[in-house]
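Please guide me through the interior of this protein. I would like an account of its buried residues, its nonpolar cores and the spaces left between its atoms.

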Amino acid sequence: MGELAVGQRCEVLINDLGHEGQGIGRCGEAVVFVPGALPGERVQARLVRKARRHWLAQMDGVFDASADRRREPCILASKCGGCSLQHLAPQAQVQWKHTVVVNALQRIGGLQPTVEPVLGAPETLGYRNRAIIPLERLPDGTVRSGYYRRGSHRIVNLNQCPVLDPRIDALVQPIKADLEATDWPIDRDCRDGGGLRHLALRVGRHTGEVLITLISSHDRLSGLADLAEHWMQLWPAVVGVTLNLQPRANNVLMGPDTRLIAGQPTIQERFGGHQLEIATDTFFQVFTEQAERVIPFLQAALADQPRVGLAIDAYSGIGTYSLPMAAAGWRVEGLEVNPEAVVQARRNAEVNGLAGLCSFQTCDVAEALAERLPEADLLFLDPPRRGLDPAVVATILASPPDRLLYLSCDPASLARDLAPLVTGGAYTLQTVQPFDFFPHTTHVETLAVLQRRG
């Protein structure tokens with residue numbers, strides 16, 4: 001086949017999925033990414049754009065459909081960028097995610113562990129406990145709300161989303177209608193003086209409490225207090241309305257200043273038998289029930305230790321997993337860079353009667369670990385997607401605790417970080433347990449349990 005060109009059509013046999021859910025195959029010698037295509041399918045693809053190492057194509061037809069292909073539960077799934085795998089049957093999704101974890105550990109980490117089957121979710125719709133929805137006002141005054149079209153900054157208008165918890169999904173359309181009736185500017189990109197940017201909704205899956213947050217570049221929103229009171233009277237589950245100010249013209253969703261407009265600034269949630277206080281800008285896993293399934297594995301790893309001692313929870317957030325460790329009798333020190341999360345973690349420990357066993361500090365995690373790790377018996381890591389700083393890995397190797405548990409949301413960074421810990425001889429990798437925290441997306445959570453050699 002000669003030189004490829006934009007607009008050219010070719011038949012592509014799909015052999016894998018990319019990290020954004022696109023089908024991957026070849027047109028001649030060229031690698032082609034085809035959104036919507038599934039492994040095992042032969043598709044007709046039209047080349048759209050050439051990237052550095054591959055072509056991006058549009059699927060014009062399927063010759064041999066996969067047995068795992070299904071009709072998407074959402075009519076906007078093929079356009080909206082919120083979900084990328086709705087056309088793949090849920091069981092096939094978790095099987096593919098298992099392969100992703102295995103391949104990452106082998107190819108990136110040079111490891112050959114046994115990876116347990118992915119713990120899939122019994123229900124894959126209506127699970128998300130939080131939504132942050134972009135807003136824009138059109139020239140005719142109407143308001144558009146929805147997630148971005150895949151690969152673009154254009155909003156796909158929606159009034160409901162089947163992966164959202166039904167209790168917040170039901171609020172999207174009426175809140176949008178109320179915002180449309182105001183004279184407030186809505187300018188998500190801060191191009192024309194700013195205004196409202198996003199609507200954020202959060203629900204306690206076990207308590208039903210709802211928090212509404214408007215994200216704006218400024219607070220010049222006349223009548224906001226009255227509208228907030230109206231919402232709280234109209235929907236008894238709504239316990240608070242807040243305004244978050246994000247004045248910068250960038251892609252950061254929320255700013256550091258959140259103001260209470262009505263009710264209370266947090267919801268209460270139960271997690272693993274403990275009470276948690278969660279604010280609008282708190283990091284908390286979006287699938288509560290799946291995140292709770294980590295706790296028995298955590299408890300088993302704790303119980304397997306010869307003695308109960310000091311556990312360090314690095315990147316501890318609001319104490320989500322610190323509390324179960326303390327409840328098992330361990331003395332827990334939480335390390336966290338976000339001061340607001342530390343305040344909430346301390347309150348959560350107090351409310352659950354665990355303040356005597358839990359302490360939390362705002363710190364640079366790498367620096368604090370270098371000081372405290374020599375005294376620790378166990379280290380629990382739950383870092384952001386980028387994984388561990390090399391300084392953290394070096395600190396662990398300098399003072400390796402007996403047991404290390406690493407909860408990761410990215411198999412590639414997990415494999416990279418585990419490689420020096422295992423291949424260098426400090427640890428053996430005992431268990432690798434993936435969880436499907438994000439059905440219908442390509443994301444997979446993984447808990448790795450390591451034991452110090454000797």
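C190 counts as buried because its relative accessible area is 18%, and the cut-off for that class is under 20%. The model in which this value was computed is a predicted one. C190 is placed in the loop between α2 (166-181) and β9. Its backbone deserves attention as well: phi of C190 is positive, at about 55°, although the residue is not a glycine.

A second loop residue shows a positive phi too. For H440, which is a residue other than glycine, phi is near 75°. H440 belongs to the loop between β20 (427-435) and β21 (445-452). Its relative accessible area is 0%, and therefore H440 is buried.

The strand that follows this loop, β21, contains A448. Because its relative accessibility is 0%, A448 also counts as buried. Leaving out residues up to four places away in sequence, A448 touches L404, L405, Y406, L414, L418, L429 and T431. A longer separation can be given for the pair A448 and L310: these residues are 138 apart along the chain, and 19 Å lies between their C-alpha atoms.

Both L310 and L405 reappear around L378, a residue of strand β18 (residues 378-381). With a relative accessibility of 0%, L378 is classed as buried. Beyond its neighbours within four places in sequence, L378 is in contact with L302, L310, A311, I312, M325, W330, P401, R403 and L405. For one of these partners, L405, the C-alpha distance to L378 is 7.9 Å, across 27 residues along the chain.

The nonpolar cores come next. In soluble globular proteins, nonpolar side chains tend to be buried together. In this model the largest nonpolar core holds 81 residues, and the members that touch the most others are I175, I212, L214, W231, Y321 and F380. Apart from this core lies another, of 37 residues, including A104, L373, A376 and A426.

What does L214 touch beyond residues up to four places away in sequence? Its partners are L179, W184, L196, H198, L199, L224, W231, T242, L243 and N244. Two of these, H198 and N244, can be followed further.

H198 is a residue of strand β9. At 6% relative accessibility it falls below the 20% limit, so H198 counts as buried. Residues up to four places away in sequence aside, H198 touches I132, I133, P134, L135, Y148, T213, L214, I215 and L253.

N244 sits in strand β11 (residues 238-245). Its relative accessibility is 0%, which means that N244 is buried. Where does the side chain of N244 reach? It extends to the backbone nitrogen of G255, at 2.8 Å. Outside its neighbours within four places in sequence, N244 is in contact with T213, L214, I215, S216, M254, G255, D257 and T258.

T258 leads from N244 to the open space in the model. The second largest pocket contains about 250 Å³ of space. It is lined by 16 residues, of which T258, P265, A279, D281 and E340 are the closest to its centre. Two or more lining residues come from each of β12 (257-263), β14 (274-279) and α7 (339-351). By class, the lining of this pocket has five nonpolar, five polar and six charged residues.

Enclosed space is a separate matter. Rolling a probe the size of a water molecule over the atoms shows where empty space is left. How many cavities of 30 Å³ or more does the count give? The count comes to one cavity, and the largest cavity has about 30 Å³ of space. Its lining consists of N129, R202, V203, G204, I267, E269, I278, F284 and T288. Strands β9 (196-203) and β13 (266-271) are the elements that give two or more residues to this lining. The lining of the largest cavity has four nonpolar, three polar and two charged residues. Strand β9 thus returns at the end of the tour: this strand contains H198, and it also contributes to the lining of the cavity.

Note on methods. Residues are numbered from 1 along each chain as its sequence is written. This is a predicted model: local features need pLDDT of at least 70, side-chain atom pairs count only at pLDDT 80 or more; totals for chains, interfaces and linings use all residues. Side-chain values use heavy atoms; hydrogens and water are left out. On a 1 Å grid over the protein atoms alone, a cavity is a set of points where a 1.4 Å probe fits but cannot get out, and a pocket is an open set with protein on both sides within 12 Å along at least five of seven lines; lining residues have an atom within 4 Å of a point. Grid points are joined across faces, edges and corners, and a volume is the space filled by probe spheres set on the points. Helices (H or I, at least four residues) and strands (E, at least two) are DSSP runs, numbered from the N terminus. Ala, Val, Leu, Ile, Met, Phe, Trp, Tyr, Cys and Pro count as nonpolar, Asp, Glu, Lys and Arg as charged, and the others, Gly among them, as polar. Buried means under 20% relative accessible area, exposed over 50%, partly exposed in between (1.4 Å probe, protein chains only). A polar contact is a pair of N or O atoms within 3.5 Å; within protein, one must be able to donate a hydrogen and the other to accept it, and residues adjacent in sequence count only if both atoms are side-chain atoms. Contact means heavy atoms within 4.5 Å. A nonpolar core is a set of buried Ala, Val, Leu, Ile, Met, Phe, Trp, Tyr and Cys residues joined through side-chain atoms within 4.5 Å.
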